[in-house]
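Work through these short exercises with the model in view. Try each task before reading its solution.

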Amino acid sequence: MEKKIIITALVLGVTAIILGAFGAHGLKKVLQPEQLVSFETGVRYQMYHALFLLFVGNFSWLALKEKTIVFYLVLVGIVFFSGSIYLLSTSALTGLKAKFLGPVTPIGGLFLIASWIYLLYAVIIKNSN
């Protein structure tokens, strides 16, 4: 599972860099400034959590079950949070009717928050044993 977490983290990191460059160079001329800021927020949170997964994947005294839970919380969180932001911020450009995704973004944020809280919980429990 550690290898799966690390590979996923690396893929998320690479795609965050690609999307960031695309936003800075390709979308800058076609999106409104607030749409671009929103897109960049999605990229930033994707990168933060790619790095977080690298840490989790290499965290030696965290049990496999705990790593797996954090992994899936982060993965769902990134897809919901960053994914919905990407689609919402580019909907005028793509013509995609993405308004329904508005409530998905905070749900993704809750998954990301839950991943950090669960890791905190796991570390405190491990530390108390």
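The exercises below deal with aromatic pairs, a salt bridge, a buried alanine, a buried serine and a surface patch in this predicted model.

**Exercise 1. Classify the ring pair of Tyr45 and Phe81, and say which helices it ties together.**

Solution.
- Step 1: Start with the search. Nine aromatic pairs turn up in the whole structure.
- Step 2: Take the geometry of Tyr45 and Phe81. Their ring centres are 5.1 Å apart, and the planes make an angle of 55°.
- Step 3: Apply the cut-offs. Planes under 30 degrees apart count as stacked and over 60 as edge-to-face, with the rest tilted. The pair of Tyr45 and Phe81 is therefore tilted.
- Step 4: Place the residues. Tyr45 sits in helix H2 (residues 33-58), and Phe81 sits in helix H3 (residues 64-89). The pair therefore ties together parts 36 residues apart in sequence.
- Step 5: Check the cover. Tyr45 is partly exposed at 31% relative accessibility. Phe81 is buried at 13%.
- Step 6: Add the neighbour. Tyr45, Phe81 and Tyr48 form one aromatic cluster.

**Exercise 2. Do the same for Phe52 and Trp116: which class of aromatic pair do they form?**

Solution.
- Step 1: Read the distance and angle. The centres of Phe52 and Trp116 are 4.0 Å apart, with 15° between the planes.
- Step 2: Decide the class. An angle under 30 degrees counts as stacked, so Phe52 and Trp116 are a stacked pair.
- Step 3: Find the helices. Phe52 belongs to helix H2 and Trp116 to helix H5 (residues 104-128), so the link spans 64 residues in sequence.
- Step 4: Check the cover. Phe52 is buried, with 4% relative accessible area. Trp116 is partly exposed, at 45%.

**Exercise 3. Find the salt bridge, and say which parts of the chain it ties together.**

Solution.
- Step 1: Count. There is one salt bridge.
- Step 2: Name the partners. The side chains of Glu2 and Lys67 meet at 3.1 Å, N to O.
- Step 3: Test the distance. The cut-off is within 4 Å, so the pair of Glu2 and Lys67 qualifies.
- Step 4: Place the ends. Glu2 lies in helix H1 (residues 2-27) and Lys67 in helix H3, so parts 65 residues apart in sequence are tied together.
- Step 5: Check the cover. Glu2 is partly exposed at 31% relative accessible area, whereas Lys67 is buried at 3%.

**Exercise 4. Is Ala50 buried or exposed, and which residues does it touch?**

Solution.
- Step 1: Locate Ala50. Its place is in helix H2.
- Step 2: Use the accessibility. Buried means under 20%. At 1%, Ala50 is therefore buried.
- Step 3: List the contacts. Leaving out residues up to four places away in sequence, Ala50 touches Ala9, Leu12 and Gly13.
- Step 4: Look along the chain. Leu112 is 62 residues from Ala50, and their C-alpha atoms are separated by 11 Å.

**Exercise 5. Which side chain makes a polar contact with the side chain of Ser84?**

Solution.
- Step 1: Locate Ser84. It lies in helix H3 and is buried, at 2% relative accessibility.
- Step 2: Scan the contacts. Beyond four places in sequence, Ser84 touches Val79, Leu101, Val104 and Thr105.
- Step 3: Pick the polar partner. The side chain of Thr105 makes the contact, at 2.6 Å.

**Exercise 6. Which residues make the nonpolar surface patch of about 240 Å²?**

Solution.
- Step 1: Name the members. They are Val79, Phe80 and Ile107.
- Step 2: Place one of them. Val79 is in helix H3.

Definitions and conventions: Residues are numbered from 1 along each chain as its sequence is written. This is a predicted model: local features need pLDDT of at least 70, side-chain atom pairs count only at pLDDT 80 or more; totals for chains, interfaces and linings use all residues. Side-chain values use heavy atoms; hydrogens and water are left out. Rings of Phe, Tyr and Trp (its six-membered ring) pair if their centres lie within 6.5 Å; planes under 30 degrees apart count as stacked, over 60 as edge-to-face and the rest as tilted. Helices (H or I, at least four residues) and strands (E, at least two) are DSSP runs, numbered from the N terminus. Buried means under 20% relative accessible area, exposed over 50%, partly exposed in between (1.4 Å probe, protein chains only). Patches are made of residues with over 30% relative accessible area and no salt bridge: like charges are joined within 9 Å, nonpolar side chains (Val, Leu, Ile, Met, Phe, Trp, Tyr) within 5 Å. Accessible areas come from the Shrake-Rupley method with a 1.4 Å probe; for residues, only the protein chains shown count as cover. Contact means heavy atoms within 4.5 Å. A polar contact is a pair of N or O atoms within 3.5 Å; within protein, one must be able to donate a hydrogen and the other to accept it, and residues adjacent in sequence count only if both atoms are side-chain atoms.
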